[in-house]
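Dear colleague,

I am handing over the structure we spoke about, and you will find it just below. After it I set out what was found, beginning with the charged pairs and going on to the chains and the contact between them.

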Amino acid sequence: MEDKEIVQKIIEKDPKAIEDLINKYGKLIFGVINKILNSSNERWEIEECFNDILMTLWKNMYLYKEEKGKLINFIISVAKFKAIDYKRKIQKKNNVIELKEEVLRKEEFQDEIDINDQEGFYNLIKELKEKDKEIFIRRYLLDESMEKISKDLNLSKEYIYNKLSRGRKKIKERLEGI
Amino acid sequence: MLEAELINELNGIEYSNEEIDDYLNWAEISEDELNKISGDIQTKLARKALRECGEFIESTMEKDEYTEAVIKGTDRDAIVYFAFLGMFMPGAFLLSGDYSFGYIMFITNKRLIVVNSNYFNKALGTRIYTREEMKNIRFKRVLDRSKKGLIKNFFKNIVSTPGGFVSMAFGLGVFSNRFFEAYDFDIGFEGKIIFRVVALIALIISGIEPDLETEAIITMKDGKKYDFLVRNANYKEILRYLKKLSNNIRM
């Protein structure tokens with residue numbers, strides 16, 4: 001089935017379209033979740049997250065903009081966003097701190113953004129320029145490394161670092177001004 | 001709402017073919033598992049639609065009005081019609097789209113609200129009556145046309161009952177030789193085989209006799225008829241309620 005048809009049917013709330021979505025992208029969505037959650041989560045948690053992502057796509061498919069890219073990319077991004085969010089919530093719940101990650105991040109940045117506060121995060125990025133916004137989303141929402149962002153966007157690592165650093169400064173100033 | 005805003009920002013992010021292949025390598029899930037999840041999600045969505053429908057009906061109720069019963073009924077004509085169409089069209093075509101499969105009925109202390117719905121409980125149209133507009137409710141016993149019924153019934157009626165199990169073992173020859181010897185039946189090998197086959201066939205026929213289920217027909221004073229099979233989990237309770245309601249209408 002064509003992507004356009006799947007999107008249309010989901011927007012029209014035809015539950016049969018979920019089957020079409022799963023037939024075409026089910027394995028890919030599962031692969032995204034499995035890669036993110038595999039080492040630290042049980043199988044049932046991965047399946048629960050899979051269900052959650054399907055429901056998110058069902059609810060939010062109207063947000064997909066064909067002119068901005070292929071459906072497959074949108075689906076991967078949503079799956080990554082939800083799986084990472086799920087992982088963070090589980091970690092928070094279990095009070096588990098992945099020390100290695102934490103140490104690495106602290107080396108990279110002096111101050112962190114609390115990504116568990118989605119509202120705060122959205123308020124922080126909404127006024128940034130499109131390119132800067134994408135850097136922030138990739139870094140914090142999709143948990144991508146600086147190397148990957150710099151490679152994918154064809155920008156130097158220093159540039160990415162500066163953008164993140166300036167962005168955070170801007171955000172801080174705005175928050176202090178409120 | 002906020003989640004939607006963040007998801008909106010995810011448009012335009014691209015992934016390389018290598019990255020997509022890498023994710024696919026992590027996809028340790030079978031087709032069967034995917035099909036099961038797909039079925040579970042669709043059931044969840046159908047339940048959600050039913051709940052939303054109920055919430056909408058509730059919002060239209062008067063202050064002293066309350067729901068006495070919610071009935072999920074499958075239209076008898078739709079079952080026959082879809083079985084016929086199913087011979088020519090794929091199931092996906094029949095299940096998707098706005099084909100009325102049955103009714104969701106809300107019977108309150110004041111009204112009967114009939115919502116025409118598709119397979120997934122999507123509301124396609126609503127008719128509202130006062131209770132006084134109901135002329136009568138009749139009941140009819142019909143065959144359960146469930147496709148899985150035959151094997152299920154066989155297991156329920158034969159395999160899982162001691163008498164049925166012993167009879168089946170007899171038919172398969174486990175005890176029959178002793179039986180023939182004990183009662184001194186003078187029949188040859190072929191005769192014994194025929195005896196066993198007949199016993200087995202009789203057993204299977206009695207075992208797979210389909211269940212009966214009750215069809216309810218609500219006739220309205222304007223001549224409209226709602227002919228349906230009750231699909232609620234509390235099927236017996238709903239039938240008892242309808243019978244009581246039917247008696248009240250007659251009085």
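Over all chains, a search of the whole structure finds 29 salt bridges, and please keep in mind while reading that this is a predicted model. Side chains of opposite charge can pair when their charged atoms come close.

Chain A is a convenient place to begin. Its secondary structure comes to nine helices and zero strands, so that reading along the sequence gives the pattern α-α-α-α-α-α-α-α-α. Of the 178 residues in chain A, 51% are buried, and the chain exposes about 9600 Å², with carbon and sulfur atoms supplying 48% of that area. When contacts in chain A between residues at least 6 apart in sequence are considered, 59% of them join residues at least 24 apart.

Two salt bridges within chain A are worth looking up. In one of them A:K133 pairs with A:E130, the closest N and O atoms being 3.5 Å apart; because these two residues are three apart in helix α7 (residues 130-141) of chain A, about one helical turn separates them. The partners differ in their surroundings, since A:K133 has a relative accessibility of 7% and counts as buried, whereas A:E130, at 52%, counts as exposed. In the other, A:K163 forms a salt bridge with A:D132, with 3.7 Å between the closest N and O atoms. Here A:K163 lies in helix α9 (residues 157-177) of chain A while A:D132 lies in helix α7 of chain A, and the pair therefore ties together parts that are 31 residues apart in sequence. Both A:K163 and A:D132 are buried.

Chain B has a secondary structure of ten helices and seven strands. Buried residues account for 37% of its 251 residues, and its exposed area is about 15300 Å², of which carbon and sulfur atoms supply 58%. Among contacts in chain B between residues at least 6 apart in sequence, 63% join residues at least 24 apart.

One residue of chain B may serve as an example of a buried position in a strand. B:T219 lies in strand β6 (residues 212-220) of chain B, and with a relative accessibility of 7% it counts as buried, because the limit for that class is under 20%. Once its neighbours within four places in sequence are left aside, B:T219 is in contact with B:M134, B:K135, B:N136, B:R138, B:K224 and B:K225.

How much area is buried between chain B and chain A? The area comes to about 4600 Å², and carbon and sulfur atoms give 65% of it. In chain B, the residues that lose the most area to chain A are B:L6, B:Y15 and B:Y23, which together make up 14% of what that side buries. The contact takes 38 residues from chain B and 55 residues from chain A.

Polar and charged pairs also cross this interface, where 16 residue pairs are in polar contact and the rule finds six salt bridges. A:K133, already met in its pairing with A:E130, also has a partner in the other chain, as its side chain meets that of B:E9 in a salt bridge (3.3 Å, N to O). On the side of chain B that touches chain A, the elements giving two or more residues are α1 (2-8), α2 (17-25), α3 (31-59) and α5 (91-95) of chain B. Of these, α3(B) gives the most, with nine residues. Sorted by class, that side has 20 nonpolar, seven polar and eleven charged residues.

A further salt bridge is formed by B:E19 with A:K148, whose closest N and O atoms are 3.1 Å apart. Since B:E19 lies in helix α2 of chain B and A:K148 in helix α8 (residues 146-152) of chain A, the pair joins two chains. B:E19 is buried, with a relative accessible area of 11%, while A:K148, with 21%, is partly exposed. Salt bridges that share partners join these two residues with A:K80, A:E134, A:R138, A:E144 and A:D152 into one network.

With best wishes

Terms used. Residues are numbered from 1 along each chain as its sequence is written. Chains are lettered from A and ligands numbered from 1 in the order in which they are written. This is a predicted model: local features need pLDDT of at least 70, side-chain atom pairs count only at pLDDT 80 or more; totals for chains, interfaces and linings use all residues. Side-chain values use heavy atoms; hydrogens and water are left out. Helices (H or I, at least four residues) and strands (E, at least two) are DSSP runs, numbered from the N terminus. Buried means under 20% relative accessible area, exposed over 50%, partly exposed in between (1.4 Å probe, protein chains only). Contact means heavy atoms within 4.5 Å. Accessible areas come from the Shrake-Rupley method with a 1.4 Å probe; for residues, only the protein chains shown count as cover. Buried area is the accessible area (1.4 Å probe) that two parts lose on being put together, summed over both. A salt bridge is a side-chain nitrogen of Lys or Arg within 4 Å of a carboxyl oxygen of Asp or Glu. A polar contact is a pair of N or O atoms within 3.5 Å; within protein, one must be able to donate a hydrogen and the other to accept it, and residues adjacent in sequence count only if both atoms are side-chain atoms. Ala, Val, Leu, Ile, Met, Phe, Trp, Tyr, Cys and Pro count as nonpolar, Asp, Glu, Lys and Arg as charged, and the others, Gly among them, as polar.
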